Amino acid sequence: MVVLAIQSCSGRTPEPPATPSRDAPVVIVGAGLTGLTLAYELNKAGINSLLVEAAPRLGGRVQTITFSDGATAEAHMEEFFERSPAVALLRELNLPLSEDVAHSSVRLDGQIHPYQGEGARDTYLAGIFNEEERAAFLRWNAKAWNLYSQLHASHEAGTPLTPELDALMHISFAEFIAREGLPHKVSEWIRVTLEPEIAIEWDKISALDGLDEMRLFLDSPEGFGEKNYHVLGGNTLFTEGLAAHLRPGQLMTQARVTAVEQTDSGVKVRVLQDDRQFLDITGRMVVVTVPVNLLGRIQFSPSLSREKWQAIQTTKMGSYVKVHFRVAPEASPLWEVNGENVLTLLSDSPAGSIYDVSELQENEQQPRDRVLTLLLHARFAREVMNLPVDEMREKSAEALDTLFPGVRQHIRSSEIFVYPQAVAYWPLELGRSRFDALANELRRPQGRLYIGGDTTENSHSEGAVIAGLRIARQIIERRNELREPVESPRAAAR
Ligand SMILES: Cc1cc2nc3c(=O)[nH]c(=O)nc-3n(C[C@H](O)[C@H](O)[C@H](O)COP(=O)(O)OP(=O)(O)OC[C@H]3O[C@@H](n4cnc5c(N)ncnc54)[C@H](O)[C@@H]3O)c2cc1C
C-alpha cells in the first residue's frame, strides 16, 4: 500500500521487473521423478536442460514428510520394486535402501493370514492356502508368468501382440480370473493383492494390464515376486539425490508452464513465475512430464494430434487417501500375532493397506510414537475422500480398531493426504489398455515435443523412470537437432 502511494505521488509509472532471458537445448516441464531422471541422464550425456517446476519444491509425487519429533513418513509414494529401473538408479546414487520381500500379510474374507516364510514361496503359500488351493494357485501362476513374459518381450521389441495377448486387452482382469475357475480363496488373494497397486477395482482394467501389474507378485525363475525397497530416511532423498547433480541455474521452481509452442527453429515455453510474471523460455526440444490429468491445462501450438488427445482424455486416474497415525509404542503388541508384527497388511477393508513405517526411520534408538501409514485405495478412498478430515480420521481409526481391537485409544495424532487423481489406469469400458495403439501414440514425439511422465507408462514410479530414460535415449539420438553444441561436464572438468 505504502509503495503504491509513493509511486502515484511521484507521477512515474513503475518499471516492470526485467524479464529473465532463458534458453536451453531441452526444456523439461515438471521436476518430479520423470523430469529429474531425464535431466540427470541428459547431463551425463553432456546435454544441458532447464527444469521448470510449478510447485515451490521438486519431487512431485515423491514427498517425504517429517513430524515434529523427527519421525518421517511418505505423503505420496511408498516403495520401489526390484525390476524397476528406479532401483538401479537408487544404487547408482549410493542411497541407503531397506529391502523387503514382495508379499505381505493378507486379510481374506475377514481372516488375517500373517506373513510367513521370509521369501520362501511354499512356506508363504502354506500360511494361506490348503493343498488344493496351493496347486491351483501355482498352475495359474505358471500361466500368468508365461503370458506376462510374452507381453514383456513383445512390448520391449515393439512387435505386435499375439492373438492370445490381444484378446486379453478386451476382457477385464476380473473376467480373466473368473474364466480360470480358481478356488474362491485364490481368486480373492489375486484381487486383494492387485487392487491396492492400481488404486482401482480389478473389473475396471483389461486382463493385459492386470497381468502386467501382477508380475510384481508372481513366482518366476528369478524368485517369488519382486523385492521392494524404501530409501532409508525417506524417498525424497532420491529426488534430492538426482537434483544434486543439476548444474546451477538448471531448475526453476514456482514456475507454471501455461503454453508450449513449436516454432520453425525450436520451442517456446510460456511460464507464469511466482503466480504473477509471465516469461518466455526458448529451447530446441521440450518434454512435458506432468500427469495426463494436468496436460489439458497447458496450451499446445500446434495442437496435440487428435490421437494424442484421445489417449490423454481416455486415461483415467485411480484414488488414494493416506492416513498417518502416530500411535503410542505400548500399542504395538496389538498388531502382533504370536509375537510377530503382521504389518505390512493388505486388509481389503476401509483401513486399506497398513504399513508400520517406524522401522524405516534413520534413528531407531530414539523412543518415539510408532508411525502407522494407512493407504486407502479405490472404493475405500472414494468413500471417504470428500468428507471433512475429522470424519476421515474417525472412520480410519474405527477401521483400524476393527482389525486390531483397542488400538484406537492409543492413537495420539493423525495426518491425512487425499489424492482423488493419484495414479493412472486405462479403463476397459473406454476400450483402453496401457499396451494399446493410443498409449504407443502418446509415447511418440510430435516434432520437437515429447510427452512423458509415469502416466504414459504404468501406475508406478517405475513408469516415471522408464519414461525419463526412454526420452533421454531418444533425445541423445537426435542431439544434432539441438544445434547449439554443449560442452560435456567431463570435458569441462578436464
Ligand atoms: C498416494 C500415492 C502413493 C503412491 N505409491 C507408490 C508406490 O508405493 N510405488 C510406486 O512405484 N509408485 C507409487 N506412486 C506413484 C508415484 O508417486 C509416481 O509414479 C511418480 O512419483 C510420478 O512421477 P512423475 O515425475 O511422472 O510425475 P509427478 O511426480 O506428478 O511430477 C510432475 C511434476 O510436474 C509439475 N507440474 C504440473 N503441472 C505443471 C506445469 N503446468 N508447469 C510446471 N510444472 C508442472 C508438478 O508440480 C510435479 O512436480 C504413488 C502415488 C501416489 C499419489
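Visitor: Phe 137 and Trp 140: buried or exposed?
Guide: In this predicted model, local features need pLDDT of at least 70, side-chain atom pairs count only at pLDDT 80 or more, and totals for chains, interfaces and linings use all residues. Residues are numbered from 1 along each chain as its sequence is written, and side-chain values use heavy atoms, with hydrogens and water left out. Buried means under 20% relative accessible area, exposed over 50%, and partly exposed in between (1.4 Å probe, protein chains only). Both Phe 137 and Trp 140 are buried.

Visitor: Which helix holds Phe 137 and Trp 140?
Guide: Helices (H or I, at least four residues) and strands (E, at least two) are DSSP runs, numbered from the N terminus. Phe 137 and Trp 140 are three residues apart, about one turn of the helix. Both sit within residues 131-157, which is helix α5.

Visitor: What kind of aromatic pair do Phe 137 and Trp 140 form?
Guide: Rings of Phe, Tyr and Trp (its six-membered ring) pair if their centres lie within 6.5 Å; planes under 30 degrees apart count as stacked, over 60 as edge-to-face and the rest as tilted. The whole structure has eleven aromatic pairs. For Phe 137 and Trp 140, the centres are 6.3 Å apart and the planes 50 degrees apart, so the pair is tilted.

Visitor: What kind of pair do Phe 137 and Trp 189 form?
Guide: Their centres are 5.1 Å apart. Their planes make an angle of 85 degrees. That makes the pair edge-to-face.

Visitor: How many residues apart are Phe 137 and Trp 189?
Guide: Phe 137 is in helix α5, while Trp 189 is in helix α8 (residues 184-198). The pair links distant parts of the chain. The separation is 52 residues.

Visitor: What is the relative accessible area of Trp 189?
Guide: Its partner Phe 137 is buried because its relative accessibility is 0%. Trp 189 is also buried. Its relative accessible area is 1%.

Visitor: Which residues form one aromatic cluster?
Guide: Phe 137 pairs with Trp 140 and with Trp 189. Phe 129 is in the cluster too. The members are Phe 129, Phe 137, Trp 140 and Trp 189.

Visitor: How many salt bridges are there?
Guide: A salt bridge is a side-chain nitrogen of Lys or Arg within 4 Å of a carboxyl oxygen of Asp or Glu. By this rule, the count is 37.

Visitor: How many residues apart in sequence are the parts that Lys 44 and Glu 92 tie together?
Guide: Lys 44 and Glu 92 form a salt bridge, with their closest N and O atoms 2.7 Å apart. Lys 44 lies in helix α2 (residues 33-44) and Glu 92 in helix α3 (residues 85-92), so the bridge ties together parts separated by 48 residues.

Visitor: What is the N to O distance between Arg 191 and Glu 188?
Guide: These two are three residues apart in helix α8, so about one helical turn separates them. Both are buried. Their side chains meet in a salt bridge, N to O, at 2.9 Å.

Visitor: Which helix holds Arg 379, the partner of Glu 195?
Guide: The side chains of Arg 379 and Glu 195 meet in a salt bridge (3.4 Å, N to O). Glu 195 lies in helix α8, so the pair ties together parts 184 residues apart in sequence. Arg 379 lies within residues 378-384, in helix α13.

Visitor: Buried or partly exposed: what is Arg 379?
Guide: Glu 195 has 2% relative accessibility, so it counts as buried. Arg 379 has a relative accessible area of 23%, so it is partly exposed.
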